[in-house]
Protein chains: 4
Amino acid sequence: MRARLTAFAAARDWEQYHTPKNLAAALSVETSELLEIFQWLTPEQSAAVLDDPATGFRVHDEVADVLAYLLQFCHVLGIDPVRALHAKIDRNEERFPVEESG
Amino acid sequence: MRARLTAFAAARDWEQYHTPKNLAAALSVETSELLEIFQWLTPEQSAAVLDDPATGFRVHDEVADVLAYLLQFCHVLGIDPVRALHAKIDRNEERFPVEESG
Amino acid sequence: MRARLTAFAAARDWEQYHTPKNLAAALSVETSELLEIFQWLTPEQSAAVLDDPATGFRVHDEVADVLAYLLQFCHVLGIDPVRALHAKIDRNEERFPVEESG
Amino acid sequence: MRARLTAFAAARDWEQYHTPKNLAAALSVETSELLEIFQWLTPEQSAAVLDDPATGFRVHDEVADVLAYLLQFCHVLGIDPVRALHAKIDRNEERFPVEESG
């Protein structure tokens, strides 16, 4: 997947714009486009957002954009996002231990 | 990875807050925390952001948060983000074809 | 101005959607639409963004949206934004005093 | 107010960082800090957010930051935000006319 994205950007000569700063901005903009779909919905409406096919398509499309820019950001900096998340969960399991019930 | 995140949230009884709307907001907030690291940097400084260990740790930590909320959002709606991205690249390859050189 | 905005929303029966949470989300979405205009620009290009009339129109339009949601957010919570900013500058002048030159 | 902000930034030699692009990013980051306060709240909890003094202080503080960066962004580009909003409301009153009853 990452190789496919990188080849896609490289073939179109887009990499000159892909500084980490620009990609962090683009990632933030894409997550706002996802949030925009939900901004006026009640919690109940938000849980049923895929019931409408057109809205469901938009949600999938924005999820794809968010993942694309996250992977591209990680690519230009040489970060492994899955490894970063495993390390974070390890830290959080120490910070927020599950309470044992008696 | 997704199973580990889901188990982490479920064990701590956090799922009641995890409506798609709230998770979309949290995802947007996390990407802004990543952007905050870059907001005053020049393009050149942004490319060297991992050279400082403390800033590098922050970048990895925010990447982990963004991926965590993206996966949690997809989990509660039953979306496969990798499949969504493959479908999007297929569509984009038709919209932005590589220009053939002569 | 605030009275005009409030009357505009009330006349269209939009106030039911205008919880503080929804307005905070909408405000965030609008600032991202402003950021989107700048995301791939160099610092120099960003300083000349009003030179192109169509882009200049978009910038003014997004500034208007940001101000509108900020005022609407403040209206529903009874916050005076100008007073909040004066109080903040007072605090900052103590935190970041101007260095006197010899 | 705008004069006070401009003098504040100029006296601290912050203007070199204040390109329109950087200020648009900072404005977006500040609105996310405001949204963060609301991200896990129910609509009802969000309406009562000022009841807790500490949270109320945070809300006022973030509102001040949003207004500060909005005014600074407008300052560096020479935009009058209030005039931009009046122009936008004029356009919207034509797009979304109030439905007459009777």
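Mentor: Before we start, buried area here is the accessible area, with a 1.4 Å probe, that two parts lose on being put together, summed over both. Keep in mind as well that this is a predicted model.

Trainee: Okay, so how much area is buried between chain A and chain B?

Mentor: The area buried between chain A and chain B is about 5000 Å², and carbon and sulfur atoms give 73% of that. The contact takes 57 residues from chain A and 57 residues from chain B. On the chain A side, R4(A), K21(A) and L85(A) lose the most area to chain B, and together they make up 13% of what that side buries.

Trainee: Which element gives the most to the side of chain A that touches chain B?

Mentor: Two or more residues each come from α1 (2-11), α2 (20-38), α3 (43-47), α4 (53-77) and α5 (81-95) of chain A, and α4(A) gives the most, with 15 residues. Sorted by class, that side of chain A has 39 nonpolar, nine polar and nine charged residues.

Trainee: And how many salt bridges and polar contacts are there across A and B?

Mentor: The rule finds six salt bridges across the interface of chain A and chain B, and the count of residue pairs in polar contact, with both residues at pLDDT 80 or more, is 15.

Trainee: Let's pick one of those. What does D65(A) touch, leaving aside its neighbours within four places in sequence?

Mentor: With those neighbours left aside, D65(A) is in contact with E30(A) and K88(B). With K88(B) the contact is a salt bridge, in which the closest N and O atoms are 2.9 Å apart. D65(A) itself is found in helix α4 of chain A.

Trainee: Is D65(A) buried or exposed?

Mentor: D65(A) counts as buried, because its relative accessibility is 13% and the cut-off for buried is under 20%.

Trainee: Which residues are linked with D65(A) in a network of salt bridges?

Mentor: The network links D65(A) with D61(A), K88(B) and R91(B). One of its bridges joins R91(B) to D61(A), with the closest N and O atoms 2.5 Å apart, and that pair crosses between chains, from helix α5 (residues 81-95) of chain B to helix α4 of chain A. The two partners fall into separate accessibility classes, since D61(A) counts as buried at 17% relative accessibility, whereas R91(B) counts as partly exposed at 32%.

Trainee: Switching to chains C and D, what does K88(C) pair with?

Mentor: The side chain of K88(C) meets that of D61(D) in a salt bridge, at 3.2 Å from N to O. K88(C) lies in helix α5 (residues 81-95) of chain C and D61(D) in helix α4 (residues 53-77) of chain D, so this pair joins two chains. K88(C) also forms a salt bridge with D65(D), where the closest N and O atoms are 2.9 Å apart. That pair likewise joins two chains, because D65(D) lies in helix α4 of chain D.

Trainee: How buried are K88(C) and D65(D)?

Mentor: K88(C) is buried, with a relative accessible area of 10%, and D65(D) counts as buried at 13% relative accessibility. The other partner, D61(D), is buried too. Over all chains, a search of the whole structure finds twelve salt bridges.

Trainee: What about chain D against chain A?

Mentor: There, five residues of chain D are in contact with five residues of chain A. The two chains bury about 320 Å² between them, 54% of it on carbon and sulfur atoms. Helix α2 (residues 20-38) of chain D gives the most to the chain D side, with four residues, and by class that side has two nonpolar, two polar and one charged residues. The rule finds zero salt bridges across this interface, while two residue pairs, both at pLDDT 80 or more, are in polar contact.

Trainee: Last topic, then: how many helices and strands does chain A have?

Mentor: Chain A has five helices and zero strands, giving the pattern α-α-α-α-α along the sequence. Its radius of gyration is 18 Å, well over the 13 Å that the globule rule gives for 102 residues, so chain A is more spread out than a compact globule. The C-alpha atoms of chain A fill a box of roughly 60 × 40 × 20 Å along the principal axes, and 50% of the 102 residues count as buried.

Notes: Residues are numbered from 1 along each chain as its sequence is written. Chains are lettered from A and ligands numbered from 1 in the order in which they are written. This is a predicted model: local features need pLDDT of at least 70, side-chain atom pairs count only at pLDDT 80 or more; totals for chains, interfaces and linings use all residues. Side-chain values use heavy atoms; hydrogens and water are left out. Contact means heavy atoms within 4.5 Å. A salt bridge is a side-chain nitrogen of Lys or Arg within 4 Å of a carboxyl oxygen of Asp or Glu. A polar contact is a pair of N or O atoms within 3.5 Å; within protein, one must be able to donate a hydrogen and the other to accept it, and residues adjacent in sequence count only if both atoms are side-chain atoms. Ala, Val, Leu, Ile, Met, Phe, Trp, Tyr, Cys and Pro count as nonpolar, Asp, Glu, Lys and Arg as charged, and the others, Gly among them, as polar. The radius of gyration is taken over C-alpha atoms; the globule rule is 2.2 Å times the number of residues to the power 0.38. Buried means under 20% relative accessible area, exposed over 50%, partly exposed in between (1.4 Å probe, protein chains only).
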